[in-house]
Amino acid sequence: MILNQIYEVDFNGFSYGFRPGRSPHQALDALAVGLERKKVNWVLDADIRGFFDNMSHEWTTKFIEHRVADRRILRLIRKWLRAGVSEDGQWLETKQGTH
């Protein structure tokens, strides 16, 4: 919730991904309205599959430090990044990604 408050102001109104109170269905509705009401020459669909699995923990931490000064929050985020993941009952260490 804290990070949402910090970063929400950076998003454009037409951005729907992983935002509170917004859903994929709302994004599709907005796209349909935009296509019907405006002259559109092209539509770009970008797939970011695997992006969050490959994020650098160091880069992510540095990026967040630019906007978050509270060391307790930063420490908690570092712990989350290093927490690992449990798959099929087995714990796996994470050195990159946000699984």
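Is F63 buried, exposed or partly exposed, going by its relative accessibility? In this predicted model, F63 has a relative accessibility of 42%, so the residue counts as partly exposed. The value lies between the cut-offs of 20% for buried and 50% for exposed.

F63 is a useful place to begin a tour of the aromatic rings. The structure holds four aromatic pairs. One of them joins Y7 and F63, with 6.1 Å from centre to centre and 10° between the planes, and this pair is stacked. The two partners come from distant parts of the chain: Y7 belongs to helix α1 (residues 2-7) and F63 to helix α3 (residues 57-65), with their positions 56 residues apart. Y7 counts as buried because its relative accessibility is 15%, which is under the 20% limit.

F63 also pairs with W59. Their ring centres are 5.1 Å apart and their planes meet at 20°, so this pair is stacked too. The angle falls under the 30 degrees that stacking requires. Here the contact is local, since both W59 and F63 lie in helix α3, four residues apart, or about one turn of the helix. Through such ring pairs, Y7, W59 and F63 are linked into a cluster.

A contact of another kind involves Y16. The charged end of R22 sits over the ring of Y16, at 4.8 Å from the ring centre. That distance is within the 6 Å allowed for a charge over a ring.

Key
Residues numbered from 1 in each chain as written. Predicted model: local features only at pLDDT ≥ 70, side-chain atom pairs only at ≥ 80, totals over all residues. Heavy atoms only, no water. Phe/Tyr/Trp six-rings, centres within 6.5 Å; stacked < 30°, edge-to-face > 60°. Helix = DSSP H or I, 4+ residues; strand = E, 2+ residues; numbered from the N terminus. Buried < 20%, exposed > 50% of the residue type's maximum accessible area, 1.4 Å probe, protein only. Lys NZ or Arg CZ within 6 Å of the ring centre and 35° of its normal.
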